[in-house]
Amino acid sequence: MYIDHENCVLCFTCFPFCPGQAISFDTAKNQVTIDQALCYECGVCINSIPCPGHCFTENELSHKRRVRKFFNNPKSTHAITRVPGRGTEESKTNDVTKRISKNEVGLCIEIGRPIMGAVFNDFSLICQGLIDLPITFEKNNPLYELMDPITGKFPDELSQERLISAIIELKVELDNTEIVLERLLNLSKKIDTVFSLGVICEYSLKKKVMSIVKKHGLDDIQNAKINAGLGKCPQD
Amino acid sequence: MTHSLHRIKLLKEDRDDFVFLCTPAIGVNHENSRKTLLEILDIILDLEPENINFYEAKKDMDIEKIKQLIHDKSRLRCCFSDRNKVVKLLDILKREDFGLSVVISGCPDEVEQMMQEAGIQPHTINMACGCHGKIENLPDRESLSLISMCGHGLIGPVLVSHMIEKVKTGDIKAKDAAQLIGLPCSCGVYNTVRAEQIITRMVSING
């Protein structure tokens with residue numbers, strides 16, 4: 001993102017709105033400026049800030065900046081999943097897709113949430129740390145497209161690219177859930193940011209899965225997304 | 001995007017917060033879903049949710065223009081504070097049998113009860129199992145309860161503290177602060193009513 005300095009009236013309204021805290025005042029140049037290293041390309045400045053001069057603009061993006069945009073700007077259509085809103089369906093359509101079926105547990109590991117953000121090295125740490133376990137990564141996931149499926153590593157050129165958050169999606173047979181959770185919680189001690197964990201299952205499996213998460217002290221579940229089972233395949 | 005899963009709730013009254021999501025399954029039933037999405041949207045608008053927004057919307061765009069931009073892969077997202085409205089919505093959707101997937105995000109006991117009242121047997125659950133890693137670097141829980149209402153993490157702690165300060169100094173009211181903090185949220189799951197309650201609480205507790 002860039003600022004059109006001709007139209008900027010130096011009201012500084014924009015400063016607190018930037019989730020990356022990338023906007024500041026350059027006293028030497030007497031201009032409002034955007035720190036490109038901190039800028040998430042999330043589009044809040046263009047889409048949401050009440051800027052009187054409509055100063056924010058987006059120039060043509062390099063590959064690395066486009067990666068930032070696709071993951072951080074919910075108004076962009078993801079180049080990989082071709083859906084807006086940062087992509088993934090997870091449990092939202094499970095009644096139709098059956099991605100997580102009767103004897104399986106899904107994990108969605110949202111790295112960087114809340115608010116701390118993440119770089120691709122953080123995703124490498126988690127994926128490389130889990131890759132030897134009996135898990136299946138969700139292929140229709142924008143992170144998976146960038147990940148080496150053998151090593152779990154992400155490209156070196158992206159290692160420091162900054163994301164607000166992104167979700168690693170995987171599933172595991174019910175019987176293997178414990179070992180995956182144990183490994184994941186061990187990895188949480190090494191990661192340099194935070195992640196929020198979602199555990200997905202069909203409703204019939206809920207009690208069994210609850211007993212597993214309880215063993216790891218994860219049963220203080222304040223919120224859940226419950227799929228009402230109203231979706232249908234066209235052939236139904 | 002588990003963008004409505006990890007909402008941090010501190011007090012009992014925070015439980016009056018429900019996110020509605022209707023999502024065509026890409027490659028399965030998304031084709032020709034535009035008409036259905038628009039029908040469901042009209043039902044939602046009649047119920048007057050606390051907030052609703054669309055990835056397709058541009059700044060200050062009115063609803064009729066937005067409707068023209070809705071397409072087969074669009075998603076409907078909104079939030080309610082009134083559980084009765086959600087039960088009514090579920091009841092209508094079950095009866096009309098539109099065939100698109102519906103998810104309600106909220107306190108699991110509440111949502112389960114609401115689905116039961118609407119005669120719905122839940123299919124899948126996604127449970128928020130906490131935050132892990134460098135949690136000691138996170139802002140305070142009150143700020144997080146506001147920040148976590150934006151599904152895509154676009155509300156930062158600086159925006160929250162800036163607006164709280166303006167309420168404390170009397171520059172703006174809590175209701176205005178709630179609206180301003182919610183400006184970056186483009187998916188409509190930020191609950192402005194709940195935000196106002198949280199802000200009022202933060203200002204009265206912290207002076």
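**Entry 1. Interface between the chains**

I began with the contact of the two chains, to which chain B gives 79 residues and chain A gives 75 residues. I note at the outset that this is a predicted model. For the area buried between chain B and chain A I recorded about 6,800 Å², with 60% of that coming from carbon and sulfur atoms.

I then looked up the charged pairs and found a count of two salt bridges between chain B and chain A. In one of these, B:Glu112 is paired with A:Lys206, and the closest N and O atoms are 2.9 Å apart. I also noted 32 residue pairs in polar contact across this interface, both residues of each being at pLDDT 80 or more.

Which elements of chain B give two or more residues to the side that touches chain A? I listed β1 (18-23), α3 (83-96), β4 (101-106), α4 (108-117), β5 (124-133), α5 (141-147) and α6 (157-168). The largest share of that side, ten residues, is supplied by β5(B). By residue class, I recorded 42 nonpolar, 25 polar and twelve charged residues on the side of chain B that touches chain A.

**Entry 2. The sheet shared by both chains**

I followed β5(B) into chain A. Strand β10(A), residues 194-202, runs antiparallel to β5(B) and is joined to it by eight bridges. At one position I found A:Gly198 opposite B:Ala128 of β5(B).

I next traced the sheet as a whole: ten strands form an open sheet in the order β7(A)-β9(A)-β5(A)-β10(A)-β5(B)-β11(A)-β4(B)-β1(B)-β3(B)-β2(B), with antiparallel pairing. Which strands stand at the edges? They are β7 (135-137) of chain A and β2 (51-53) of chain B; each has a single partner strand, so one side of each lacks a neighbour in the sheet. I recorded an average turn of 20° between neighbouring strands of this sheet, direction ignored.

At the chain B edge, I found three bridges in the antiparallel sense between β2(B) and β3(B), residues 76-80. There B:Ile52 has B:Cys78 of β3(B) as its bridge partner. I also checked α4(B), which packs on the sheet and touches β11 (224-227) of chain A as well as β1 and β4 of chain B. The direction of α4(B) makes about 20° with that of β11(A).

**Entry 3. A hairpin in chain A**

I turned to strands β2(A), residues 23-26, and β3(A), residues 31-34, which run antiparallel and are joined by four bridges. A:Phe25 stands opposite A:Val32 of β3(A). The two strands form a hairpin with four residues between them, and in the turn A:Asn30 has a positive phi of about 55°.

I looked just before this hairpin as well, at A:Gln21 in the loop between β1 (2-3) and β2 of chain A. A:Gln21 has a positive phi of about 50°, although it is not a glycine.

**Entry 4. Salt bridges and a cis peptide bond**

I searched the whole structure for salt bridges and obtained 25 over all chains. One of them joins A:Arg183 to A:Asp132, with the closest N and O atoms 2.8 Å apart. This pair links distant parts of the chain, 51 residues apart: A:Arg183 lies in helix α6(A), residues 177-187, and A:Asp132 in the loop between α4 (120-130) and β7 of chain A.

Finally, I noted a cis peptide bond between A:Arg113 and A:Pro114, with omega about -5°. I placed A:Pro114 in the loop between β5 (104-111) and β6 (118-119) of chain A.

Key. Residues are numbered from 1 along each chain as its sequence is written. Chains are lettered from A and ligands numbered from 1 in the order in which they are written. This is a predicted model: local features need pLDDT of at least 70, side-chain atom pairs count only at pLDDT 80 or more; totals for chains, interfaces and linings use all residues. Side-chain values use heavy atoms; hydrogens and water are left out. Contact means heavy atoms within 4.5 Å. Buried area is the accessible area (1.4 Å probe) that two parts lose on being put together, summed over both. A salt bridge is a side-chain nitrogen of Lys or Arg within 4 Å of a carboxyl oxygen of Asp or Glu. A polar contact is a pair of N or O atoms within 3.5 Å; within protein, one must be able to donate a hydrogen and the other to accept it, and residues adjacent in sequence count only if both atoms are side-chain atoms. Ala, Val, Leu, Ile, Met, Phe, Trp, Tyr, Cys and Pro count as nonpolar, Asp, Glu, Lys and Arg as charged, and the others, Gly among them, as polar. Two strands pair if DSSP finds at least two bridges between them. Axes are lines fitted to C-alpha atoms, for helices over the stretch in contact, and angles run from 0 to 180 degrees between N-to-C directions.
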